[in-house]
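The following account describes how the strands and one helix of a predicted model are arranged. The reader is invited to follow it alongside the coordinates.

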Amino acid sequence: MQKREVLILALISIIILVCIISLIIKKDNVKIMPQDEQLKVKIDELIVFSNEIWFKHITDFEWDEMYIIGPYANPQKNIKSQKINWKEIKTSIETNDSITLIVFLYEGEIVSYLEYPRSKGNFNITGVRKYNKETGYFRITNDEWGVIDILPQ
């Protein structure tokens, strides 16, 4: 092999290697969306000062689907959508029974989410439940032991 052929082969190898490395970096470099802390505060306030939560009235972003995911559920298995990139959110819902995960989607993509502590209000959800703006209405009850339940209506 002549020097020119070796040089061309080495250059092609370097280009292929750079492309592979950039794809790996891009794949693992997904930006994690922060939890919606403002929405969490709004829910806290409604639990104290109201007896209902209607999500379409307390959200300030566009959404068309809301999923409430109970402890130990696997949202990736239960919510079938090709567009949802679960790497965008950080949650411990599959191993943590002290939270409920609430995920909002617009046109099949995650636009907001939060982990709500069950100690502040229990949605009493097992598995995954889907709601929209018209069905995302919940009543807040407080029993004699101080347990706060947030129940779909």
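**Two sheets and a helix**

In this predicted model, three strands form an open sheet in the order β1-β6-β7, with antiparallel pairing. Its edges are β1 (52-54) and β7 (148-152), each of which pairs on one side only. On average, neighbouring strands of this sheet are turned by 25° against each other, direction ignored. Strand β6 (residues 137-142) is joined to β7 by 5 bridges in the antiparallel sense, and within this pairing Thr141 stands opposite Asp149 of β7. Helix α2 (residues 37-49) packs on the sheet, where it touches β1, β6 and β7. The direction of α2 makes about 145° with that of β1.

A further open sheet has 4 strands in the order β4-β3-β2-β5, again with antiparallel pairing. Because β4 and β5 (128-131) stand at the edges with a single partner strand each, one side of each is left without a neighbour in the sheet. The twist from one strand to the next averages 20°.

Within this second sheet, strands β3 (residues 99-106) and β4 (residues 109-117) run antiparallel and are joined by 8 bridges; Leu101 stands opposite Glu115 in β4. The hairpin of β3 and β4 has 2 residues between the strands, and Glu107 there takes a positive phi near 55°. Strand β2 (residues 65-69) pairs with β3 in the antiparallel sense over 5 bridges, with Glu65 opposite Leu105 of β3.

Helix α2 appears here as well: α2 lies across β3 and β4, and runs at about 45° to β4.

Notes: Residues are numbered from 1 along each chain as its sequence is written. This is a predicted model: local features need pLDDT of at least 70, side-chain atom pairs count only at pLDDT 80 or more; totals for chains, interfaces and linings use all residues. Side-chain values use heavy atoms; hydrogens and water are left out. Two strands pair if DSSP finds at least two bridges between them. Axes are lines fitted to C-alpha atoms, for helices over the stretch in contact, and angles run from 0 to 180 degrees between N-to-C directions. Contact means heavy atoms within 4.5 Å.
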